[in-house]
Structure formats: structure tokens, C-alpha cells
Amino acid sequence: MIVGSRLRWLGQKRDNCRSCLVPLSVGRRSCGETGWCNGLSTVHDLAGSGVSRVRKTPRDAARSGMHGNFRSKIVDPGVFEKGDTFSFRAQPYLKELFETVRARELSLTIVVGAGVSMNSSLPSWRSLIDKMTATIADPEVRKITSRDGVDLMRKAEIVLQLIKDENRNIQDHEIIRDALYQRDLQVVPGELAKSIARLTYATRADTRLLTTNFDVILEESLLGYFAPEHVKSFSMKPGGSDEWESWNEHPDRMGVLHLHGLVRQARSPEEPIILTESQFLKHGAQVREIISASLEDACTIFIGLSMSDPNLVGPLYESAPATSPRFSLVVPPAVDDVSPTQAARYAISSARYLEEKLGLKPIFLKSHSQLNQAISDLALAVVEPERYVPGVESTDSLVYSRRLTRALDDCYTATGCEPHAEIPAGDAAEELTTRLHDALEIEGGPLDVLRGFAQEYDDHVLGGNTGENFGLFLWLRTRDQETGRRRYTINLVGTSVYTHREEWSLRHHVTIDRGSDFAAAQAIFTGAPQAANLTPSPIAQIWRGILAAPILMSGTGSDQLIGDDLADVLTVGAITLNSTFVINPNGDEVAPRDLSLISKLDSERNNQLLISLQLAAEYAINLG
């Protein structure tokens, strides 16, 4: 898990300055002892009362030279808001990342955080602490703790202690495990973890993989490409990092170094576990040393990290200005009571500190699905370097914008749409409705799978006037405007239950964002399935629940394989399974007779249902 905290870490022995928190050179002592702050242009007085005079170190002079005529290459907030951010023109750092990885001249270091685990239905760092807090038995203590606004590392320290005060026999890793994993949860790697695995396999001879996460999502995804005996987890226990380095010397092996330890569902933990303030102080120097070594002479990509972890920030600052490129892929976080536009503007503006002071090259994407697409396309660029050339969009080009345009044109044509139209008309509309209706019933389709599950629940009736009924709804990404500009929106193209004869009667240009009222838009934003309830409305009176999943297309422009999988993968839309029953109780009291069969499925059966939705989408679009 990534530690998204504002905690200021203190040096141990000669590691950091106690006043400014910047790593010190060997032989230097803390500012409080010498008055000298290495790497900064300030000298602190010995009494700690502030800055007494200004000096420049050699590193500071280098920073001044780097920043004196500094010009940011981060995407402009206005362009981010209005345009398609997967653009080599709008994002120079995105182009640089692709050119660097595609050239294969540098080794690759991938550092993975909680965003990747979240894409696999595991909690965020903050959510993990909240789940731990919820297990405090005393209601008054639990209330006080939940409202405590202290930074997360300190809060983790407090929560673990309070829980252990109530139960002397419980250990830290058990508390973390119970909060991290649902009891019946079968953790399945999300698309982002799978894309990282493809990229890792495509560059396996020169790649290092590190994570701040406790789970083994990365290892599970790597098993799709590497032999089981060639994938191994490592921790920061004594000698662990050396074992990791030795393991990765073999080109067919891939080890994952867990910087904060391992907490697994059904196996013993691997320590040290690093979650709390004291644990960061105890083990931080060792983690920073590994990060520093991994940055050297490598192209580094930070994925799913907030870049507030002091163990990441310290090595970046110490080594800036850097000759080896470091990129971070970022989706602007949500901010309570603030519009997505303003939240994105703030995040982009704030990232200039990372760019100027740490030498980091932030790349902002509109959604987690788009972040996944960037990693997936990096793997494609590695195996198709001649055809995937950033900035060159020839007829045979595999760059994202060209492939997506061709794929969407194929999808709209296959569903019966005329050129530039957004829904089929006349007989073509009726034919699409029929195909969507048939897609429900095909072998391995949603109804076929659900009927098999219903046999396990004698009291659950499917179909008829009193049973649960379903409908399929097909959504596609909006095609380019005639001006060439791409909108980050989706269109409802057709349904299995009724045919729209007029274009105005279907939903058009629904914005893809995390706050959307449409589950299809949320599924594309997150890059993961979404379940939600619906409030019956005048235009949708029968539907009460919805399960939405992204639609993935493979091999639209290239038949190159990475392992056994096609390297060319695109998200083109979403398919939703609407129910006349409630899918997600959300803690509300819902009569058992009103609960959807979907709400009763365990994680394994739910995954089977999601596979059936992808099969139904392929049948309905019918690309031949």
C-alpha cells in the first residue's frame, strides 16, 4: 500500500537533516549539530529559530542552473479539461516516456502503489485505515478515532495500538489482513495489473519491479506470462533485497520487491511490515537506499502512487537533477465539494513542485482506464517499435489515437450506424436490439450463467411477472468530431429491451468521470466493473440495479503476442446488465424478495458473470 501522508520523516544517524528532512551526505551531521543543511540554500541557526544566512552547495548550484530558465512540460490544465489527454502533442512527457521505453536503451524500473491494488478491488491506503478503525470495539473510542484528522501514518500507529489494547493476542499483520481482504474475496488482478505484467514480460531482461503494496496482485498477474517457479515475492528482511537482485539476473525470472512487507490472505506475512510512523522511522533508511539504487541508470515509472511517501521523495530529491528519466502516471484525485475540473487544475499546478524540485516528469490521465491504456500501449510499442512511433500517425500506425479511431469506426459500423452517426436507425436499430436480446441467452451469456447460479437459491425466481428480469445496454466511446477533436464521452447505442427510433431519445455524450450518474461511465473511468442501484424514473421505471463492465477489444491493429495474449488491447465502451431487482444493498434494509441474484454471488461466481458480459458484448457488436 502507498502511504499517502504528510508525515515529515526524521533522519537516523547521518541519513537526513532534522530541520529540513533532506538526506545528508556521508560525513555530514544534522543541522541541529552543525548548522549546515546539505542540498538546500539555507543555514539554520543552532537554536532552531530559523534561517540565519544563505549559502549555496554544489548541488544547489546545479539546481539553480536547472530551474533558472525552467519551462514546465506538464499538460496545460485547459487542454486537460477540454481535450483527450492521451496525446503526444498535448503531453510532451508522454511522448518522451514512449520514446524512451520503445528505444530499450535503458533498463526499466517500475514502482507500483495502491492505485494498482484498487483497480483489483482492494482498498486504498486511507480506506484500509478506515476499515481498521471500524474494528475498534469501544464505540466512543471508534468515533473519536474516525474523526481524528492526524496524518495517516500516525493514525495507523494509534489504531493498531487501540485494537491491541482490546485484544492482547492479535498481531499487526492480522489486523491489516482482515481490513485488506474480504473474507470470501477471491482477489483477481485488474486490467492495470495485467498491463503491467505484459510490459514487464515484454522488457523482462532489463526490468525491476517494486511495490509499496502488501498484496500479491502483481505476482498473480505475472503468472499469466512467466512460469510459476519463475515468479517470486521478496521483502525487506535482512538480505531480501540482495536475493531479489540475484533472482532477477536470470532473464526468465521476475521478482517483486515489497518495500513495505507482505500481508497475504492464507499465508504467513513477510516482515518488516511498514505501515505506521514508528515503522517508517525504523526502516525508512533501508527503503530509501533501495529506491536510490533502482533509480540509477534506469527509466523509472511510478504507477498508482501519490508521491507523498517520504521514502520515495527523499531519493528523488537527493538525486535531482537526474540524467536518467523518472515519470509518474497520475489520475487527479477527487476532492470533496470541489468540481472535477478544479480538482484537476489544482493537481496539475501542485505537480510543478515534483517537476522542478524532484526532476519527476508527471503525466496526467483523465481516468484509471486511460492510465491502464498508457501502460498497455507501452508494451505494444516495445513489441511493435517500427509501427508505434509517437507523433507519426501514418496509415499503418499503431499509436493510440489511430487505433481507437479505427476500432470505433468498426464498432459503430458493425452495430448498423451510418458514417458519423451515433446510433443505428430503422431496420439496423431493430437488428441491434435483437442481437442484444440474443446475447443475453447465448451459451455462456449472462442469462445462461445466472440460470445455473439460480439453482443454488431455491427461493430466487428468474423471469416472469414476479421474478427478476434483465436487460443489456451497449455503450460506445464517442467518435471523433468532424474537426478531429476527441470527446471523452460515451453514447448509448442500443438495448435488448426496446428500440430507439429517434437519435435524441438515447443518452449521448455522457462524460466519463468518477462522479457520473451512469454506471457505464464509472466503469470506463475506473477501468473496472461497477455495481449500483437505480432510482426508478419516468424514463426508466422498471430498473432498480445495474452491473457495468468495460468492453475490451484485442488485435484491432496488430497480431503481435506477448506471451499468449495479443499486445494490442483497447477499451472501446461498456456493457451494462440492468436488473429489475436491487443489486447493491449499500447497508440499506432491502426485503430479501427484492434482492438481485447478483447481490448473492461470491467473488468467483461474480467473475464468471463478468466474463459472460464480455462474451455478450462481442456477440452484440459482431465484428465477425
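**A tour of four backbone spots**

Begin by selecting proline 272, which sits in the loop between strand 6 (254-258) and helix 13 (277-295); as you look, keep in mind that this is a predicted model. Now add glutamate 271 to the selection and follow the backbone from this residue to proline 272, where the peptide bond is cis, with omega near 5°.

Next, move along the chain to proline 321, which you will find in the loop that runs between helix 14 (310-319) and strand 8 (326-330). If you also select alanine 320, you can look at the peptide bond that leads from alanine 320 to proline 321, and here too the bond is cis, with omega near -5°.

The following stop is methionine 307, placed in the loop between strand 7 (298-303) and helix 14. Check its backbone angles in your viewer: methionine 307 is not a glycine, and yet its phi is positive, at about 60°. Is this residue buried or exposed? With a relative accessible area of 7%, methionine 307 counts as buried, because that word is used here for residues under 20%.

For the last stop, select histidine 420, which lies in the loop between helix 17 (400-414) and helix 18 (427-441). Histidine 420 also has a positive phi, of about 70°, although it is not a glycine. Turn on the surface display and ask again: is histidine 420 buried or exposed? Its relative accessible area is 65%, so histidine 420 is exposed, the cut-off for that word being over 50%.

Definitions and conventions: Residues numbered from 1 in each chain as written. Predicted model: local features only at pLDDT ≥ 70, side-chain atom pairs only at ≥ 80, totals over all residues. Heavy atoms only, no water. Helix = DSSP H or I, 4+ residues; strand = E, 2+ residues; numbered from the N terminus. Buried < 20%, exposed > 50% of the residue type's maximum accessible area, 1.4 Å probe, protein only.
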